[in-house]
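Reader: I'd like to go through the labels used for this model and hear the reasoning behind each one. Could you take me through a few?

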Amino acid sequence: GADDYLTKPIDLPVALARIRTQLLRKRAEDRLRESEERYALTVQGANDGMWDWKLTTDEIHFSARWKGIIGCEDGEIGNRPEEWFDRVHPGDLARLRRELDTHLAGATTHFESEHRIRHKKGSFRWVLARGQAVRDATGVATRIAGSQTDITDSKVVDALTGLPNRLLLVDRLERLIQHHLFRDDTQFAVLVLDLDEFKVVNDSLGHQAGDELLQAVARRLEVSLRSTDTLTRAGSDVIPGAPGIEHTLARLGGDEFIVLLNDVRSAADATRVAERVQAALSRPFPLADREVFIAASIGIAVSATGYTSTEAVLRDADTAMNRAKALGKGRFEVFDAAMGRQAIARLHLDSDLRLAVRRDEFLPYFQPIVNLRTGRLAGFEALLRWRHPERGILPPAAFLAQVEENGLILPISRRFYGAVCRQHRDWLKVHPSASQLTINVNFVTGQFLETGLPARLLDILVETGLEPRHIAVEITESTAIRDFSKTSDVLHELREAGFRVVLDDFGTGYSSLACLHQLPISGLKLDRTFIAAADEHEELIQAVLMLSASLGITVTAEGIETSDQCERLRALGCDYGQGYLFARPLDAEHAAALIAADRVFVPELSHATTGSP
């Protein structure tokens with residue numbers, strides 16, 4: 001550096017050049033210092049943590065903020081990459097390394113990864129890591145630097161209600177499970193809440209009203225828990241067993257909420273919470289200038305079962321919730337081993353049913369309907385049966401609820417109706433008298449309200465060469481009143497097409513008279529509960545018969561099992577009868593034999609015809 005000094009005698013051009021060099025260097029140093037100060041202030045003031053990894057020496061620098069995101073002080077973390085990777089959740093580590101390697105290999109312009117990283121207190125935080133590599137002249141990465149942002153709040157909070165979402169709930173549940181594996185003096189419980197008939201609110205008042213209701217339910221649920229309980233929210237650090245932290249309330253999505261109780265003595269504690277929640281929800285919610293009532297079905301799973309995974313806890317609580325819905329809604333059920341066996345049985349049943357549809361294992365059986373005035377066969381009711389490859393012929397009670405729930409009812413019913421029509425066609429070819437017979441076919445709500453039903457029924461009749469008079473459509477009262485306006489439209493279309501419509505299970509609903517007066521019904525079936533005690537219900541049966549006669553509606557009595565019942569109903573003027581007295585449901589071959597026999601089913605009429613005493 002001796003040349004940087006001015007010596008005598010002064011060479012002016014050289015001296016000026018050296019002065020300019022010094023001034024330029026001073027300005028560069030000032031700019032560098034200013035840039036470094038600006039960078040330092042940016043790092044200190046930013047919410048993001050910074051990291052700088054020198055790949056040639058495998059050393060990485062973490063900023064104080066990077067360390068603070070995971071609860072560490074500046075001196076608690078070294079400068080090796082393991083300080084980062086050893087804290088990454090095991091479920092995310094492989095993906096993080098893959099994303100880093102892909103960028104370092106030059107396959108992406110920048111590195112980006114969302115993953116969980118362990119906080120000093122044991123919980124996991126969600127972070128977004130970004131970075132970009134510096135490469136040498138040959139394109140090999142020598143250094144990569146970037147930032148780390150804490151995204152836990154946006155990742156684990158339900159945007160609509162502000163409650164923790166499934167991610168946070170699962171994280172806390174995992175920690176509780178691990179905690180209770182080593183400590184059996186307390187238990188935890190999970191309550192799954194599903195709002196009953198929430199879809200009705202969405203469909204009638206709109207999705208905005210539905211969202212407002214969910215927000216109101218969330219607030220109501222928060223308040224309903226004991227005032228001494230702390231509802232942990234996103235961003236809180238939770239240590240199982242810590243004083244004051246007993247509940248996590250979360251929304252899983254849709255209209256499903258979860259309460260996680262992390263310190264209960266028995267299932268009774270959980271059921272008391274369920275009772276308090278249901279009591280709170282029983283009060284009306286002001287919504288869209290009206291009051292809306294909503295109830296919840298609740299399923300409870302308690303850790304005494306010995307859970308080792310979050311999936312098992314949530315599955316069992318959900319199973320119990322579905323059981324509560326099946327038993328009438330607006331109630332709670334505690335999971336037990338029997339429910340688990342039933343859930344597995346339902347899963348197997350569902351698989352078998354789907355195979356059965358592909359294998360076309362469903363077929364019609366036929367139970368005779370007898371004209372009580374003549375004693376002769378008037379037709380049949382077609383009844384669905386499943387020819388199970390291992391269990392034999394199964395009645396609808398063994399599978400109908402499942403096919404209605406899983407949506408298989410539509411393909412099954414279409415094939416069933418076609419099979420009934422084809423069977424009737426085959427009978428007509430052999431037995432001309434079958435042209436006077438009517439086959440009643442049952443339709444559940446999902447089938448009956450399916451768009452285009454009348455046209456589809458007519459298409460099958462045309463295909464099989466039958467007429468609408470050969471088929472009667474049976475629906476229950478509950479189906480008739482489910483959507484009264486649409487039901488009325490469909491029934492009028494069916495009547496105009498020439499079909500008879502029979503109202504099944506008459507007398508078991510609460511709007512029978514409305515059905516008779518307002519809907520184009522051709523006939524009704526008296527429920528078997530009236531027939532079993534016909535002497536007690538004689539006046540009621542007589543009133544129904546008189547009303548039906550005045551409206552031009554035929555009456556069929558179901559469940560006739562004795563000659564006395566048959567004679568009493570015939571004496572009262574009942575039109576048709578059906579029951580074990582005449583025959584149990586028959587396969588197609590035995591039904592055909594019954595048609596061919598042309599027998600008289602009512603003994604008294606048979607005697608009168610033959611002259612026997």
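Reader: What makes the contact between Arg130 and Glu112 a salt bridge?

Author: Happy to explain, keeping in mind that this is a predicted model. The side chains of Arg130 and Glu112 meet at 3.3 Å, N to O. A salt bridge needs the nitrogen within 4 Å of the carboxyl oxygen, so this pair qualifies. Arg130 sits in strand β4 and Glu112 in strand β3, 18 residues apart, so the pair links distant parts of the chain.

Reader: Why is Arg130 called partly exposed?

Author: Its relative accessible area is 38%. Buried means under 20% and exposed over 50%, so Arg130 falls in between. Glu112, at 40%, is partly exposed by that reasoning too.

Reader: And why does Asp92 count as buried?

Author: Asp92 has 4% relative accessibility, and the limit for buried is under 20%, so the label fits. Its salt-bridge partner Arg95 is partly exposed, at 25%. Both lie in helix α4, three residues apart, about one turn of the helix. Asp92 and Arg95 also belong to a salt-bridge network with Glu99 and Arg116.

Reader: How do you know that Glu197 and Lys329 form a salt bridge?

Author: Their side chains meet at 2.6 Å, N to O, and the cut-off is 4 Å, so they pass. Here, 132 residues separate the two partners.

Reader: What makes β2 and β3 edge strands?

Author: The open sheet has the order β2-β1-β5-β4-β3, with antiparallel pairing. β2 and β3 each have a single partner strand, so one side of each is left without a neighbour in the sheet.

Methods:
Residues are numbered from 1 along each chain as its sequence is written. This is a predicted model: local features need pLDDT of at least 70, side-chain atom pairs count only at pLDDT 80 or more; totals for chains, interfaces and linings use all residues. Side-chain values use heavy atoms; hydrogens and water are left out. Two strands pair if DSSP finds at least two bridges between them. Helices (H or I, at least four residues) and strands (E, at least two) are DSSP runs, numbered from the N terminus. Buried means under 20% relative accessible area, exposed over 50%, partly exposed in between (1.4 Å probe, protein chains only).
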